[in-house]
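Good morning, and thank you for coming. I would like to walk through some secondary structure with you, beginning with a term we shall need.

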Amino acid sequence: MIGQVLGHCRIVAKIGEGGMGVVYRAYDEVLHRDVAIKVVRKNAGFDTSAGQNLLQEARASSSLAHPNICTIYEVGETEDGLYIVMELVEGKSLHAMSAAGGLPPESVLRYGVQIASALTRAHDRGIVHRDLKTSNIVVSSDGLVKVLDFGLAKRVGGGILDAPTMSFSTVQGASSVSGTLPYMAPEILRGDPADARSDLWALGVVLYELASGHLPFEGRTGFEISSSIMREIPKPLGPPIPPGLWAIIQRSLAKEPVLRYQRASEVQAAIEAVQSGAIVTAAPSTDQATPPRISTMHTVRHAQVKKGDFLLLIGTTKGAFILRSNAQRTRWELGGPYFHGHAVYALAYDARGRRRIWASTSSFWGTLLRSSDDFGKSWTNPQQAPVRFPTDTGLSLKNIWQITLGPQDEPEVLYCGVEPAALFETRDAGETWSLVRGLFDHPHRPRWMPGNGGLALHSIVLDPTNKQRMYIAISSGGVYRTEDAGATWTAQNRGIRALFMPDKYPEFGQCVHKITLHPAHPERLFLQNHWGIYRSDNCAENWTDISNGVPSDFGFPIVMHPHNPDCAYVVPVESEEFRCACDGRLRVYRTRNAGTSWEPLMRGLPQKQAYETVLRDAMTVDSCDPTGIYFGTRSGQLYGSRDEGKSWNKIHDGLPAIVCLRSAIIEDGSVMPIRTSPKQAGAMGSRSRSASHQKSHRPARSSKR
Amino acid sequence: MPVTVHIPGALREFTAGRATVEIAFSNGTVADALTLLWTLYPGVRDRVVNEQGEVRQHINIFVGNENIRYTGGLASPVADGSQISIVPAVSGG
């Protein structure tokens, strides 16, 4: 090619070579200037129409007169292919400049603002770069940034681009994916079309790379890189990177395009603000009517819930999930995670004239009760924590362990069991909560002792036939019952052992792990103790040890069959110290004769080296026929049985430690709920209010998370 | 000179997106400055302190570069022009 003339340019020397083309230095003999010519061979992977598209795009890009955009002067065709005559930029690529470990922050800002300025011009003209990367950006000897190859990526795939890194491209016309994988935005990987915000993502990658010397999303294979882009949060950049620059990078790398800057001009302004010493927030501007969303770099999927669906609500130590299925409970779709990084120890589905999910969230920032009326798409985020100890108690809320619905005909009544052990109630559907003083003032309270999980009131059981009667259980405090709607309480622990006490059968102080009651047989309760499984047939007046034949009577959850008051399920663990499935065999034990005998249920459950633990609220039943039973493990595995425990399937694994599980069938918002679990099916309360008396005012909803 | 409070990202939902809040304030304590912050942005309060008004266990408050846990807690003095930072502790699992 050397010496040949293309158009009116004589080729002088070869500068570089990429996948589909060669770049030459040339001399424009008419305009008397040095130029660069990229020659794209016809056999390089695109057909005639793609070639025409390339010509069109190049011509469009040639209109982008901007000091930071490498100008395209001319495009043309030869017998061998296409050629593009462009401004000759002599300098070093940002890729080469940052490879040795990142650039000084002031340089990152200086180059960043120029790149953003170039993107602003292009986007204003409707041109998206689609392959912005450090190797496409050159800095001339006088410090001027030039962005190369504008618009060229749109149709022709990555092959034309000089890719020092892996390219992920097809050459199939307009729908093709083009670009360079480590710079690709999540929406492109999902198959959505690229738009200007995809360029802003790439700009975020470029800024990160310039600041740190390495890419924010790395991997050994394309799959690993893609996974990282879709799911991972880049390692934070600390000093000397100014917090403002890190905030800009974070927001540019928001997984969802709506959470990013929406225009390149915003990025340009933000970088200029950091250059001037002003502080830049990662959040969108403050003058919006709605509360701004924080740029949280994670993706939340929402399950598309519709009438007739079956749901499992999953609380974990790192957030909540909503697992949706059809009525057959065979195919599952996972929504979430909600409340990223917050522990969710309590969940409830409230269908008493509404479709509301209640969740407790616990983190550094305290414990909150939150709710969603749209299956997780938005959650309340109240300014003031709704469940709180009055100042005179001297206590502060550590966790909400249980959310229990009030009676069916009192839809505004709910209860929360909390740590440190106390009971709260609301009579206005969660607007205001009050401490149940009758229990709080009990003379036993100062002598309750925290268990391993803290001093938790974790079980609240209503008697559906007697609104005055209610049970609660505390670890370690034991079982208490009220017969006067909470005004006074009595310890009901006769027959329950407390092996850690000098008196093995004390009046109170037992470490009860869970109690449950059958709505059709409300004088009968089952109880899983720190050691021992118990049944009472007289409203907890006396308890009988029924751990006949289980391999260990230590365990956490106990659930009852929704239709058979003689049937209950437990998951024994080996010992107080070990607290894992006995002998590494994960087995549920079922009694169908009220505890006279127990049978192991293991078909489909791992029976070798499965050292799993099922925590006290991580097991639930549904109301289907035959009944479904579900449990989650501390290792994040979720198992289910659709035949009352005869056989099991792993529904999901890889979740964070599961601490709470609830089921729901989605009916019309106005109908009565199913019995999601026996302990939610009761009724309690002294005042009756109908749904029509509900307040319409709800706490402000946030679209965050 | 006003006191500047730096708001962590997790709480900016309650400060209309602001990363910093300037409080007109002259010589007082951290508690005084924070009370003014709660007045402006009430949602921040329950995230930083508990019902008893104590700074949450895993939240640190700095005046300049000093953690107030070691300088007198909420009674620590705040001079004009100080920078107060609310920072979650590095811990967890």
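The expected span of a helix is 1.5 Å times one less than its number of residues. Please keep in mind that the model before us is predicted.

With that term in hand, consider helix H6 of chain A, residues 196-212. H6(A) has 17 residues, and from its first C-alpha to its last it reaches 25 Å, close to the 24 Å expected. Is this helix enclosed or open to its surroundings? Of its 17 residues, 16 are buried, so H6(A) is largely enclosed by the rest of the structure. Just after the helix comes Gly213(A), whose phi is positive, at about 85 degrees.

Let us stay in chain A and turn to a sheet. Four strands form an open sheet in the order S17-S18-S19-S20, with antiparallel pairing. At its edges are S17 (399-405) and S20 (434-435), each of which pairs on one side only. Strand S18 (residues 414-419) is joined to strand S19 (residues 422-426) by 5 bridges; in S19(A), Ala422(A) is the bridge partner of Val418(A).

Finally, chain B. In strand S1 (residues 3-6), which side chains are buried? Val3(B) and Val5(B) point to one face and are buried, whereas Thr4(B) and His6(B) point to the other and are not. S1(B) runs antiparallel to strand S2 (residues 20-23), with 4 bridges between them, and pairs in the parallel sense with strand S7 (residues 83-88) over 3 bridges. His6(B) has a bridge partner in each: Thr20(B) in S2(B) and Ser85(B) in S7(B).

Definitions and conventions
Residues numbered from 1 in each chain as written. Chains lettered and ligands numbered in written order. Predicted model: local features only at pLDDT ≥ 70, side-chain atom pairs only at ≥ 80, totals over all residues. Pairing = 2+ DSSP bridges. Helix = DSSP H or I, 4+ residues; strand = E, 2+ residues; numbered from the N terminus. Buried ≥ 20, exposed ≤ 12 C-beta atoms within 10 Å, placed from the backbone.
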